[in-house]
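Here is a small set of exercises to work through with the structure open beside you. Try each task before you read its solution.

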Amino acid sequence: MRTIVLLASLGCAACEAAAPDEGPFLETRYVRYVSDQAVTPCGGLARETDKQVEYLFDLLSEPYAHPLSIEYEWVEDQSMLACGENASGCTYGTADGAVIESIYLAHLHELAHAAHELTIGNSHRVLTEGFASYASNQPGIADPQDVTLFTQAIEGFITAGTLSADQYPLAARFVGMTVERHGMAAFKAFWRKVPRNAQLAEVRATYEASFGESWSDALVAIAAREQTSFSDLSCEGDVQV
């Protein structure tokens with residue numbers, strides 16, 4: 001029997017309105033939304049945002065964020081993002097918390113980045129993008145992979161130190177199946193030992209020391225494993241199938 005929690009994406013409507021005054025247009029328990037767009041969101045955005053934040057902190061097994069520790073700038077289009085026109089959002093840590101820029105409201109992927117910035121910090125980009133994609137159930141994570149191709153891809157991403165959005169599902173499988181096989185506590189300990197600019201040899205050695213298995217055996221198991229944990233913020237509790 002598998003325990004499955006399904007994840008649905010959040011859709012937030014927008015209402016026509018006059019351009020907002022300077023300052024936040026919405027403050028939730030954890031997030032201060034700001035925007036210069038001449039629209040304001042309708043519906044339960046505050047409730048849904050805080051539900052997402054608490055889900056992410058629960059996933060990380062960390063205490064909930066301090067009030068208003070995330071500043072969230074909702075921008076009109078990709079050209080206004082500091083991280084480039086090919087992204088839908090970007091997140092970075094500050095001395096006061098975390099800052100998100102996104103073309104979407106309550107963007108779960110970017111909120112996941114804010115959650116790790118506020119708790120376990122940063123790490124290699126394969127781990128950070130893998131975690132954010134796994135936490136938001138990016139499509140394709142659950143698909144078993146050819147071992148040789150999967151190994152080549154993960155090692156290539158780690159060596160390059162970067163990856164594109166269409167490669168996120170493979171990074172998410174690497175992260176997610178590691179979490180499911182070894183637990184979040186062990187994964188967080190591994191994460192903290194891997195610097196953002198770590199090279200493949202360092203990541204491989206740290207993985208083996210952290211989890212007590214060879215790198216090659218781990219990639220075989222990760223590539224072949226069937227995903228057993230999914231999340232759905234609209235579902236109250238686990239679903240047994």
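## Exercise 1: A residue in a helix

Task: decide whether T206 is buried or exposed, then find its place and its partners.

Solution. Start with accessibility: T206 has a relative accessible area of 14%, so it counts as buried (buried means under 20%, exposed over 50% and partly exposed in between, with a 1.4 Å probe and protein chains only). Next, find its place: T206 sits in helix α7, residues 200-211 (helices are DSSP runs of H or I with at least four residues, strands are runs of E with at least two, and both are numbered from the N terminus). Last, look for partners: apart from residues up to four places away in sequence, T206 touches F190, K193 and V194 (contact means heavy atoms within 4.5 Å).

A word on the model before going on. It is a predicted model, in which local features need pLDDT of at least 70 and side-chain atom pairs count only at pLDDT 80 or more, while totals for chains, interfaces and linings use all residues. Residues are numbered from 1 along each chain as its sequence is written, and side-chain values use heavy atoms, with hydrogens and water left out.

## Exercise 2: The whole protein

Task: describe the protein by its secondary structure, its burial and its contacts.

Solution. First, the secondary structure comes to eight helices and nine strands. Second, 46% of the 241 residues count as buried. Third, take the contacts with a separation of 6 or more: 69% of them are between residues 24 or more positions apart. Finally, the accessible surface is about 11300 Å², and 49% of it belongs to carbon and sulfur atoms (areas come from the Shrake-Rupley method with a 1.4 Å probe; for residues, only the protein chains shown count as cover).

## Exercise 3: Cysteines

Task: how many disulfides does a search of the whole structure find?

Solution. Recall that a disulfide is a covalent bond between the sulfur atoms of two cysteines. The search looks for a pair of cysteine sulfur atoms within 2.5 Å, and it finds zero disulfides in the whole structure. Now look at two cysteines: C83 is partly exposed at 40% relative accessibility, whereas C90 is buried at 10%.

## Exercise 4: Helices against α5

Task: work out how α3 and α6 are each oriented to α5.

Solution. Begin with α3 (residues 125-135) and α5 (residues 168-182): their axes are 7 Å apart, at an angle of about 80 degrees (axes are lines fitted to C-alpha atoms, for helices over the stretch in contact, and angles run from 0 to 180 degrees between N-to-C directions). So α3 is roughly perpendicular to α5 (under 35 degrees counts as roughly parallel, over 145 as roughly antiparallel, 65 to 115 as roughly perpendicular and the rest as oblique). Residues making this contact include F131, S133 and Y134 of α3 and Y168, A172 and F174 of α5. By type, the contact divides into 10 nonpolar, three polar and three charged residues (Ala, Val, Leu, Ile, Met, Phe, Trp, Tyr, Cys and Pro count as nonpolar, Asp, Glu, Lys and Arg as charged, and the others, Gly among them, as polar).

Now take α6 (residues 184-193), which packs with α5 at about 130 degrees, the axes being 7 Å apart. α5 and α6 are therefore oblique to each other. Here V175, T178, V179 and H182 of α5 meet M184, A186 and F187 of α6. This contact has five nonpolar, two polar and no charged residues.

## Exercise 5: Inside a helix

Task: which residues do S133 and W215 touch, leaving aside residues up to four places away in sequence?

Solution. S133, in helix α3, is buried with a relative accessible area of 0%. Its partners are H109, Q138, I141, Y168 and A172. W215 lies in helix α8, residues 215-224, and is buried at 4%. Among the residues that W215 touches are I154, F174, V203, R204 and Y207. The C-alpha atoms of W215 and R204 are 6.0 Å apart, with their positions 11 residues apart in sequence counted as separation.

## Exercise 6: Positive phi

Task: where are S61 and L68 found?

Solution. S61 is in the loop between α1 (45-59) and β6 (70-74), and L68 lies in the loop between α1 and β6. Neither is a glycine, yet phi is positive, about 55 degrees for S61 and near 55 degrees for L68. As for accessibility, S61 is exposed at 53%, while L68 is partly exposed at 27%.
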